[in-house]
Amino acid sequence: PPDAHRLPGEAQLALGLAGVDHGILVLIADAGGILELVEIDLDAVLRDLDVLHQGGEHPGLDRLIALASDVCDANLGAFIVQDETTSYQLSTSYGHAEAMPAAECLCTSVITTGRTVLVDDARKHPRFAHARYVTASPFIRSFIGVPVGADPSLPLGVLAIAHTEPGRFGPRQAQMLERIADLVTSFLIARIEGIAASRAALKTEAERQRQAEAVAGALLLGGE
């Protein structure tokens, strides 16, 4: 269900989200009906979430990544977002968050298929054997990637866990990771809705100011 956000002037806007090709559809409405239907480009969403640069801090996501690693007995965990060419680690339990070409990232197949990917031994898998983290440190063997987003077929990102030993994960771990991915989805949607609400508030305030100036101008002209 859409959340409600209180804006200046006591206006109440309901925000609904839906996945569309290459972006998110944001529905803004009040008691009188739909006010605006806006399609936001996915790259713009990522910029708004401050993920298309290095060094950002995301403690909420970090805790969810740690939870995923713990409950699935993984020794690596990460949340990945991706634009057309590049994968970005928004949160990771391994080293520092970094960006890499999408073609080198294990999570790209999750983005392109919109489905959970479970790999028993990445080193022996023809699709994943040449991925960066398989051929180089941390030398991943076992891997699960789960799409994150309201519509799994149009994911915002990927929640992934991995292990440096083969055969560590099965359907049970994949199911648990999918449940945690729902929490990550809620985290991201809350951020996106907050951004949309702030923009709507600025637009509402600007329109109110414009109308006030128009009324003041009319009064001045009427008094001459």
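The following legends describe close-up views of a predicted model.

**Figure 1. Overview of the predicted protein model.** The protein has 224 residues, and 42% of them count as buried. Its secondary structure comprises 5 helices and 10 strands. Among contacts between residues at least 6 apart in sequence, 54% join residues at least 24 apart.

**Figure 2. The largest nonpolar core of the protein, with 24 residues.** In soluble globular proteins, nonpolar side chains tend to be buried together. The residues with the most contacts inside this core are F79, I144, V148, L159, I161, L177 and V184. Two or more core residues come from each of the helices α2 (59–71) and α5 (171–222), and likewise from each of the strands β5 (76–82), β6 (86–92), β9 (142–148) and β10 (157–163). The largest share, 7 residues, is supplied by α5. A second core of 20 residues is separate from this one and includes V110, A122, V158 and A160.

**Figure 3. Surroundings of V184, one of the residues with the most contacts inside the largest core.** Leaving aside residues up to four places away in sequence, V184 touches L61, L64, F79, V148 and L159. Two of these partners, F79 and V148, are themselves listed with V184 among the residues with the most contacts inside the core. L159 is listed there as well.

**Figure 4. Surroundings of T185 in helix α5.** T185 is buried, with a relative accessible area of 9%. When residues up to four places away in sequence are not counted, T185 touches V148, G149 and A150. V148 is also touched by V184.

**Figure 5. G170 in the loop between β10 and α5.** G170 is buried, its relative accessible area being 13%. Not counting residues up to four places away in sequence, G170 touches L118 and I144. L118 lies 52 residues from G170 along the chain, and the C-alpha atoms of the two are separated by 7.5 Å. The other partner, I144, is listed among the residues with the most contacts inside the largest nonpolar core.

**Figure 6. The cysteine residues C105 and C107.** The cysteine sulfur closest to that of C105 belongs to C107, at 4.3 Å. The sulfur of C107 likewise has that of C105 as its closest cysteine sulfur, also at 4.3 Å. A disulfide requires sulfur atoms within 2.5 Å, so this separation is too far for a bond. The count for the model comes to 0 disulfides. Both cysteines are buried: C105 has a relative accessible area of 11%, and C107 has one of 4%.

**Figure 7. The largest cavity in the model, with about 200 Å³ of space.** Rolling a probe the size of a water molecule over the atoms shows where empty space is left. A search of the whole structure finds 3 cavities of 30 Å³ or more. The largest cavity is lined by 19 residues, and those nearest its centre are A78, Q89, Y133, I140 and A160. A160 also belongs to the second nonpolar core. At least two lining residues are supplied by each of β5, β6 and β10, and β5 gives the most, with 4 residues. By class, the lining has 15 nonpolar, 3 polar and 1 charged residues.

**Figure 8. Backbone geometry at P138 and F139, in the loop between α4 (132–135) and β9.** Most residues other than glycine have a negative phi, and most peptide bonds are trans. The peptide bond from S137 to P138 is cis, with omega near 15°. The residue F139 has a phi near 60°, a positive value in a residue other than glycine. F139 is partly exposed, with a relative accessible area of 41%.

**Figure 9. Backbone geometry at D73, in the loop between α2 and β5.** D73 is a residue other than glycine with a positive phi, near 55°. The elements on either side of this loop, α2 and β5, each give two or more residues to the largest nonpolar core. Strand β5 also gives the most residues to the lining of the largest cavity.

Key:
Residues numbered from 1 in each chain as written. Predicted model: local features only at pLDDT ≥ 70, side-chain atom pairs only at ≥ 80, totals over all residues. Heavy atoms only, no water. Core = buried A, V, L, I, M, F, W, Y, C linked by side-chain atoms within 4.5 Å. Buried < 20%, exposed > 50% of the residue type's maximum accessible area, 1.4 Å probe, protein only. Contact = heavy atoms within 4.5 Å. 1 Å grid on protein atoms, 1.4 Å probe; cavity = no way out; pocket = protein on both sides within 12 Å on 5 of 7 lines; lining within 4 Å. Points joined across faces, edges and corners; volume = space filled by probe spheres on them. Nonpolar A, V, L, I, M, F, W, Y, C, P; charged D, E, K, R; others polar.
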